[in-house]
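Let's take a walk through this structure together, starting from its strands and ending in its pockets. Keep the 3D view open as you read.

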Amino acid sequence: MSREKIKEIELQMFELGKELQTLMRSVDSFEVTNYEFETEFGPTTMLDLFGRHDKLLLIHNMGQGCRYCTLWADGFNGFVPHLESAMSVVLVSKDSPEIQRRFANSRGWRFRLASHGGGAYMKEQTKMDDYSDMPGAATYERDGDRILRKNGCVFGPGDLYCPVWNLLGLAGIGEEDWTPQFRYWSVPEQMEDGGENLQD
């Protein structure tokens, strides 16, 4: 009986997903500030981040200290070329541009990067009240020199944006059973090279 219920709920989620997409297309946009950011190439503005596109996706990342944000960005990384065919994509965090670049290189990320430094952008554009640094994303549209916010979301276990949780769920593994890590290598009980200066 539970297998049939699973199929029923999956179908409901599929139909709700289509309804959600329709709502996202039709929602009214509202004007926002031309925020300033820092990049490894120097200061920039939100208008500059649009590049050649009139649509912009900003991925809100909490920085190198967050394993969960790293999990989401690792997953998005493979989609970057596909997404960039339709809109500009920039990962933003409070980390300095130097730290952003070093961490992105260590993960093999292909995102363009910008730092909000914990300033006005994140405080005003996060999707949750009373939080000044929350993982998620926001989309914007350019209309001449005006910037219009279209949609936003918050990232968290079980959301629509990270399939890891659904795949774990297929195996009966829930959020309380598993926590993302930066690396998954397990140190052997005995190192054949003696184990001096071993870092895990």
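Two strands count as a pair if DSSP finds at least two bridges between them. With that in mind, and remembering that this is a predicted model, let's begin at strand 4, which spans residues 55-60. On one side, five bridges join strand 4 to strand 5, residues 88-93, and the two run parallel. You can check the register at H60, which stands opposite V92 in strand 5.

Strand 4 also pairs with strand 7, residues 136-143. Here the two strands run antiparallel and six bridges join them. Two positions let you follow this pairing: L58 stands opposite A138, and I59 stands opposite A137. Is strand 4 mostly covered or mostly open? It is mostly covered, with five of its six residues buried.

From strand 7 we can step on to strand 8, residues 146-154. Eight bridges join strand 7 to strand 8, again in an antiparallel arrangement. A137, which we just met facing I59, has C153 as its bridge partner in strand 8. Strands 7 and 8 form a hairpin with two residues between the strands, and in this hairpin G144 takes a positive phi near 65°. As you trace these strands, it helps to recall that in a regular strand the side chains alternate between the two faces of the sheet.

Now look for the nonpolar residues that pack together. The largest nonpolar core has 21 residues, and those with the most contacts inside it are I59, W72, L91, W109, F111 and F155. Which elements each supply at least two residues of this core? They are strand 4, strand 5, helix 3, helix 5 (97-107) and helix 7. The largest share, four residues, comes from helix 3. I59 is a good landmark here, as this core residue is also the one that stands opposite A137 in strand 7.

Aromatic side chains are the next thing to pick out. There are 12 aromatic pairs in the model. In one of them, the rings of Y68 and W165 have their centres 6.3 Å apart and their planes at 5°; planes under 30 degrees apart count as stacked, so this pair is stacked. Y68 lies in helix 3 and W165 in helix 7, and the pair links parts of the chain that are 97 residues apart. How do the two partners compare with the cut-offs for exposure? Buried means under 20% relative accessible area, so W165, at 8%, counts as buried. Y68, in contrast, has a relative accessible area of 27% and is partly exposed.

A second pair is made by W72 and F155, whose ring centres are 6.2 Å apart and whose planes meet at 15°, so this pair is stacked too. W72 lies in helix 3 and F155 in the loop between strand 8 and helix 7, so the pair ties together parts that are 83 residues apart in sequence. Both residues count as buried, W72 at 3% relative accessibility and F155 at 9%. Both are also among the core residues with the most contacts. Widen the view and you will find one aromatic cluster formed by Y68, W72, F76, F155, Y161, W165 and W178.

Finally, let's turn to the open space. Rolling a probe the size of a water molecule over the atoms shows where empty space is left. The largest pocket has a volume of about 1100 Å³. It is lined by 38 residues, of which Q21, M24, C153, L160 and Y161 are the closest to its centre. Two of these are familiar: C153 is the bridge partner of A137, and Y161 belongs to the aromatic cluster. Helix 1, strand 4, helix 3, strand 7, strand 8 and helix 7 each supply at least two lining residues, and helix 1 gives the most, with nine. By class, the lining has 24 nonpolar, eight polar and six charged residues.

The second largest pocket holds about 230 Å³ of space. Its lining consists of I6, I9, E10, M13, N166, G169 and L170. Helix 1 and helix 7 each supply at least two of these residues, and the largest share, four residues, comes from helix 1. Sorted by class, this lining has four nonpolar, two polar and one charged residues.

Definitions and conventions. Residues are numbered from 1 along each chain as its sequence is written. This is a predicted model: local features need pLDDT of at least 70, side-chain atom pairs count only at pLDDT 80 or more; totals for chains, interfaces and linings use all residues. Side-chain values use heavy atoms; hydrogens and water are left out. On a 1 Å grid over the protein atoms alone, a cavity is a set of points where a 1.4 Å probe fits but cannot get out, and a pocket is an open set with protein on both sides within 12 Å along at least five of seven lines; lining residues have an atom within 4 Å of a point. Grid points are joined across faces, edges and corners, and a volume is the space filled by probe spheres set on the points. Ala, Val, Leu, Ile, Met, Phe, Trp, Tyr, Cys and Pro count as nonpolar, Asp, Glu, Lys and Arg as charged, and the others, Gly among them, as polar. Buried means under 20% relative accessible area, exposed over 50%, partly exposed in between (1.4 Å probe, protein chains only). Rings of Phe, Tyr and Trp (its six-membered ring) pair if their centres lie within 6.5 Å; planes under 30 degrees apart count as stacked, over 60 as edge-to-face and the rest as tilted. A nonpolar core is a set of buried Ala, Val, Leu, Ile, Met, Phe, Trp, Tyr and Cys residues joined through side-chain atoms within 4.5 Å.
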